[in-house]
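Thanks for making time this morning. I would like to walk you through one model, taking its sheets in turn and then a single loop residue, so please have the sequence and the structure open as I talk.

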Amino acid sequence: MKNNSRRDFIKATSLLAIGFSLPSFGKTETIVHKIDTTNIATLGLELNPYILINDAGKITLFNARPDMGQGTYQSLPLLLAEELEVTLDQVEIRNTDGQGKYGSQLSGGSSSIRTRWTPMRTAGAAVREMLITAAAKKWQVPVNECYAESAKVFHKPTNKSFTYGELVEEASKLEVPKAPKLKDAKDFKLLGKSVPRPEIPSKVNGTAVFGLDAVVPGMLYATIEHSPTMLGKVISFDGAEAMKIKGVKYILKTERKMPHRTVEAVAVVADNYWAAAKGRKALKIKWDSEGSNKISSDAYYADLKELGKTAGEVYKGDTKGDFVKEFSGATQKIEASYQTPFLAHAPMEPQNATVWVQGDKVELWAPTQGPDGLIPEVAQYLKIKPENVKVNVPFMGGAFGRRAYYDYVMEALHISKQVNAPIKLIWTREDDTAQGPFRPGMLSVLEGGIDAKGSVVGHNHKIVGASIQHQVFGSPLKNMPDDWASETANVEDSPYDFGSRKLSFHLAKTDIPILWWRSVYSSTTAFGQESFMDELAHAAKIDPLAFRLDMLADSPRFTRVLQVLAKKANYHAKLTDGQAIGIAVARSFGTIVAHAVTVSKDGKGAKIDKVVSVIDCGMTVNPDNIKAQTEGNIVMGVTAAIKNGMTFKDGQAEQTNFHQYSVLRINEMPKVEVHIIENSEAPGGVGEPGLPPIAPALCNAIFNLTGKRVRTLPFEIDNIV
């Protein structure tokens, strides 16, 4: 893989650069910089350019959020392009490299468009205004007689024009506008349109560069034999037979550094991957697995159920009225628990990293969701300066949260440092499935009180399970709940008008490594919340849609989504015998999504016939991508509901590959319709919000079909009658 340094690139191409800095998930702060073009070295080291233009007219736009298939390679540059008045076929797109000057570069939490909608457009508009002002000065005409279009500035009365390249030197001498005028949505030429994603052809023809494609001269290949159990330690290892395999260079002890613990492993290093893999199979290792026999998913869930019987830590801001009083006086009292499994991420590209540790410097080619977060961790691990860490960011073949956890990179670093050579580390599919980290298994314990009129006078939701904040980030959570566990999927600041409500969290500790999974806790809490809403509706003898609409009367966006869903899914139409429909709605990551799932009897089980989805994500970038992401969420959500979860016995994962941890196949995919609500609300996320409501909508449909309530996932859809 050709490796041009950032500085070389800037020296060769840049005369004008505009950038900004902003935090990850909080309030955005726009800082637009004027660039001193007399000092190219300073330009390369100290600023955060998102737009580069050279005097030949070449335009380079930078994507600040790594692309794992969710489309940021197009969507973020498209925000710049819209205001800059260029199309994507007129520019080159490059990924940022983790340097702090680019602001947060973490792809996660469906945050890319949510946090960068205004700042990226502002950066594009500032450059556009500077170029227009430069043209007006050259023509000696009023600025209001000039306009930008298709990488040129035109003079209205004469139709004269300059290319951006012809204006860039003069523009770079101007003051940067502090508050450039942004385009009105009605004038958008790119945003809100189905613009083809520029990287798709390369992903189809095989020219796109993923982590596994990295090639460094002289690199060696490594594979690692991890302990089969969570707490395993290496007692001894014999690599004699492995060293006999042609191409094997080293057998060495290494380590897997996770946030909550470091475990031992054995690496095989060879001059090709096939030799390394054969050598690994020839290893003889004795493991100490003492204590692992206490780690099992059965024991974990037993613990959750006991914790669910006790009072947890209350979310003070999400408590309304006196639940205990209202519940005790209710006409009907409904209680239920909903359980969701541990899940593997299962990206199509297994974990890999290519690294070269050279003394106090290191260069990495790493498919990672957060290059800016990786740099300080690498620096700390190697005890070097952050500025001596260079990260190259390729495309990722899926991630779903997994590639924001850097254990596989640290493994490669540990090996490279020992053998003093560039190393490409590749995990096998079995490593990827069985080693984790995993979505934590969770339990939702719910209580609801209904009065004689069918109104919910009390609602109590206990969230029970392991905490990512606790295990990964070391938060003690002493006398306080995990705010991440409640922040999405109708749980935090619930839109439902319950008479009284209480929300609490119970921390369950585990040695099973955990991490966020697509939609984080929303995929677990929404299953309980929206399934229980149907239970309450049936107990009140009210149609589930009407039941929700009544409690969402003061939430117009929710109401509109459900009304559109009812129309598009023909919710009120009479179904044929042996068919049923179920619905669910959830707000997560600033976006509201509702699904209607139609199922039919199929032997002893059921078949998913159709999924109709309605999504309100505010102002949109690319409708085609919104639909694609929603469809992907449906695939993952249905898979998590009816396929295999991850289970553990004696500290060891019982699933190792797709034969045991299956995913939805194309012949199992139902017909899907996705409808987008058009409005001028601030943009919400798209990559994850379609996932939380799919499992409850499906299970509500199953109840309407069979009368059987599914409260534990996954369930056997082929055997429910």
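Let me begin with a question: which residue in β23 does Val585 stand opposite? The residue is Ala594, and before I say what surrounds this pair, I should stress that we are looking at a predicted model.

The strands concerned are β22 and β23, the latter covering residues 591-602, and they run antiparallel, joined by 10 bridges. They belong to an open sheet of four strands, whose order is β22-β23-β24-β27 and whose pairing is mixed. At the edges of this sheet stand β22, which spans 579-588, and β27, and because each has a single partner strand, one side of each is left without a neighbour in the sheet. From one strand to the next, the twist averages 15°. Helix α18, residues 556-568, packs on this sheet, where it touches β22, β23, β24 and β27, and its direction makes about 30° with that of β23.

As a reminder for those who work mostly at the bench, strands of a sheet pair through backbone hydrogen bonds, and they may do so either parallel or antiparallel.

Let me turn to another sheet, which is also open and has mixed pairing, with five strands in the order β13-β21-β20-β19-β14. Its edge strands are β13, at 313-314, and β14, at 332-340, and each of these pairs on one side only. Helix α16, made of residues 522-539, packs on this sheet and touches β14, β19 and β20, with a direction that makes about 150° with that of β14.

Within this sheet I would draw your attention to β20, residues 456-465, which pairs with β19, residues 442-450, in the antiparallel sense over nine bridges. You can locate the register by finding Leu443 opposite Val464, and again by finding Gly449 opposite Gly458. The two strands form a hairpin with five residues between them, and in the turn Gly454 has a positive phi of about 90°. With β21, residues 501-507, strand β20 pairs in the parallel sense over seven bridges, and here His459 stands opposite Arg501. Why do I describe β20 as largely enclosed by the rest of the structure? The reason is that 10 of the 10 residues of β20 are buried.

Now to the loop residue, Pro683, which is found between β27, residues 671-676, and α20, residues 694-706. Is Pro683 buried or exposed? Its relative accessibility is 11%, and because the cut-off for buried is under 20%, Pro683 counts as buried. Leaving aside residues up to four places away in sequence, Pro683 touches Ile113, Arg114, Trp117, Cys617, Gly618 and Met619. Pro683 and Leu575 are 108 residues apart in sequence, and their C-alpha atoms are 36 Å apart in space.

One of those contacts, Cys617, leads me to the cysteines. Cys617 has a relative accessibility of 2% and therefore counts as buried, and Cys146, at 7%, counts as buried as well. How many disulfides does the structure hold? The number is zero.

That is where I will stop, and I am glad to take questions.

Key:
Residues are numbered from 1 along each chain as its sequence is written. This is a predicted model: local features need pLDDT of at least 70, side-chain atom pairs count only at pLDDT 80 or more; totals for chains, interfaces and linings use all residues. Side-chain values use heavy atoms; hydrogens and water are left out. Two strands pair if DSSP finds at least two bridges between them. Contact means heavy atoms within 4.5 Å. Axes are lines fitted to C-alpha atoms, for helices over the stretch in contact, and angles run from 0 to 180 degrees between N-to-C directions. A disulfide is a pair of cysteine sulfur atoms within 2.5 Å. Buried means under 20% relative accessible area, exposed over 50%, partly exposed in between (1.4 Å probe, protein chains only).
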